[in-house]
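Subject: Structure for your files, with notes

Hello,

Here is the structure you were expecting. My notes follow below it.

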Amino acid sequence: MKRLVMAMAFLTTTLFATSFFATGALARQAPPASYYDVKAPDAWSGGVKMVDIDTPSGKFRVWTKRVGSNPKLKVLLLHGGPGATHDYFEPFDSYFPAQGIEYIYYDQLGSGRSDKPTDTKLWTIERFVDEVEQVRKALNLGPENFCVLGHSWGGVLAIEYALKHQANLKCVVISNMMASIPAYNDYAEKVLMPEMDQAQLAKVKALEAAGKTSDPDYMGTLIPMHYEKHILRRPADQWPEPVTYAFGQLNGELYTLIQGPSELGASGLLEKWGRFDDLKRITVPTLVIGARYDTMDPAYMEKMSKQLPKGQYLYLANGSHLAMYDDQANYFAGLTAFLRKQE
């Protein structure tokens, strides 16, 4: 537990068809031999490719890794944080290959195996969206096959990317992310916080007010009170290694600047961000994933799906923010069903 606290000190339409889920997850099947194409240019490196990125502060490199080969369906995974890493997406290895879905791990600039510049002027939504577009071009992805899946902060990027570069997309998945930070904060204040131990909540708020969010008591209080109930519904010392690793590698400066000190609402540069009214402009098929115990309001996310012209909604009755873990079978059944339809 102590290791996790220290590692996280800076971490501060409906698709749910009864007939489908009554039969369980999609039947597993072996992907075609072409899925394991060893003639691809990046096959010699295991699918890893470092992509050169132009920024206002110069050139940098970001890390990507392709898994599988499917010319009709390639899913770029946009991780959360901001400042976390791709690693917590590793359960996708257990589900996507059997469905023949090609997917691409990607550490955003400032995260994981990518370069970590220190110029804070780089940490804007617009600059990250441009980065995603540069990655798309470098990997030769296009509207005939290119899907983005954004989880949490990655969902912000998925929405913004679709609004600016929709012509390049085949589909979008917005996983566990509301289209309004003010609405997210309102949900935290009016729904989640009243359910908490008020003395413990007062301690957290006092530490925030004093600027002491690096104090071990801050995350030590938040983890059992909030994270174990709404981020991943397991005792923190039982969280899977990909999650603890991704959080342990978190770029705290980047995270705090954009998100704020923790997942208990947002107070950074994202604080006033909102795109709900613009969702109607995203006309490619889009899946919105919400979960009962998420930090994000699942009812709001269902409304998002109805605002999208080709929106669909997947509701996970047992999931939280990391529903790909705590409601895993339903998460991947719904997600893979949506993606296979796009082929």
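Which side chain meets that of lysine 74 in a salt bridge? The model is a predicted one, and in it the partner of lysine 74 is glutamate 102, with N and O 2.6 Å apart. Lysine 74 sits in strand S3 (residues 74–78) and glutamate 102 in strand S4, so this salt bridge ties together parts of the chain that are 28 residues apart in sequence. Both ends are below the 20% cut-off for buried: lysine 74 has a relative accessibility of 13%, and glutamate 102 has a relative accessible area of 3%.

Other salt bridges

The count of salt bridges comes to 14. Two further pairs are worth listing with their exposure.

- Aspartate 119 and lysine 121 have their closest N and O atoms 3.2 Å apart. Aspartate 119 is partly exposed at 23% relative accessibility, whereas lysine 121 is exposed at 64%.
- Glutamate 343 and arginine 340 meet with an N to O distance of 2.8 Å. Glutamate 343 counts as partly exposed, at 36% relative accessibility, and arginine 340 is also partly exposed, at 29%.

In addition, Glu160, Arg275, Asp278 and Arg281 are joined into one network by salt bridges that share partners.

Disulfide

How many disulfides does the structure hold? There is 1, and it links cysteine 147 with cysteine 171 at an S to S distance of 2.0 Å. Cysteine 147 belongs to strand S5 (residues 146–151) and cysteine 171 to strand S6 (residues 171–175), so the link ties together parts 24 residues apart in sequence. The angle about the S-S bond is 110°, and the link is right-handed. Are the two cysteines buried or exposed? Cysteine 147 is buried, with a relative accessible area of 0%, and cysteine 171 is likewise buried, at 0%.

Cavities

The largest cavity holds about 120 Å³ of space. It is lined by 13 residues, and the closest to its centre are Gly81, Ser152, Phe247, Glu263 and His321. By class, this lining is made up of 7 nonpolar, 5 polar and 1 charged residues.

The second largest cavity has about 60 Å³ of space. Gly81, Ser152 and Glu263 are among the residues that line this second cavity, and these three were also named for the largest cavity. The rest of the second lining consists of Trp153, Val156, Met177, Ile181, Tyr184, Gln259, Leu270 and Met296. Helix H4 (153–165) and helix H5 (181–192) each give at least two residues to the lining of the second largest cavity. Its classes come to 7 nonpolar, 3 polar and 1 charged residues.

Largest pocket

About 390 Å³ of space lies in the largest pocket. Of its 20 lining residues, Pro41, Asp42, Lys49, Arg66 and Leu139 are the closest to the centre. Which elements give two or more residues to this lining? They are strand S1 (48–55), strand S2 (58–67) and strand S4 (102–107). Strand S4 is also the strand that carries glutamate 102, the partner of lysine 74. By class, the lining of the largest pocket has 8 nonpolar, 6 polar and 6 charged residues.

Regards

Terms used
Residues are numbered from 1 along each chain as its sequence is written. This is a predicted model: local features need pLDDT of at least 70, side-chain atom pairs count only at pLDDT 80 or more; totals for chains, interfaces and linings use all residues. Side-chain values use heavy atoms; hydrogens and water are left out. A disulfide is a pair of cysteine sulfur atoms within 2.5 Å. Helices (H or I, at least four residues) and strands (E, at least two) are DSSP runs, numbered from the N terminus. Buried means under 20% relative accessible area, exposed over 50%, partly exposed in between (1.4 Å probe, protein chains only). On a 1 Å grid over the protein atoms alone, a cavity is a set of points where a 1.4 Å probe fits but cannot get out, and a pocket is an open set with protein on both sides within 12 Å along at least five of seven lines; lining residues have an atom within 4 Å of a point. Grid points are joined across faces, edges and corners, and a volume is the space filled by probe spheres set on the points. Ala, Val, Leu, Ile, Met, Phe, Trp, Tyr, Cys and Pro count as nonpolar, Asp, Glu, Lys and Arg as charged, and the others, Gly among them, as polar. A salt bridge is a side-chain nitrogen of Lys or Arg within 4 Å of a carboxyl oxygen of Asp or Glu.
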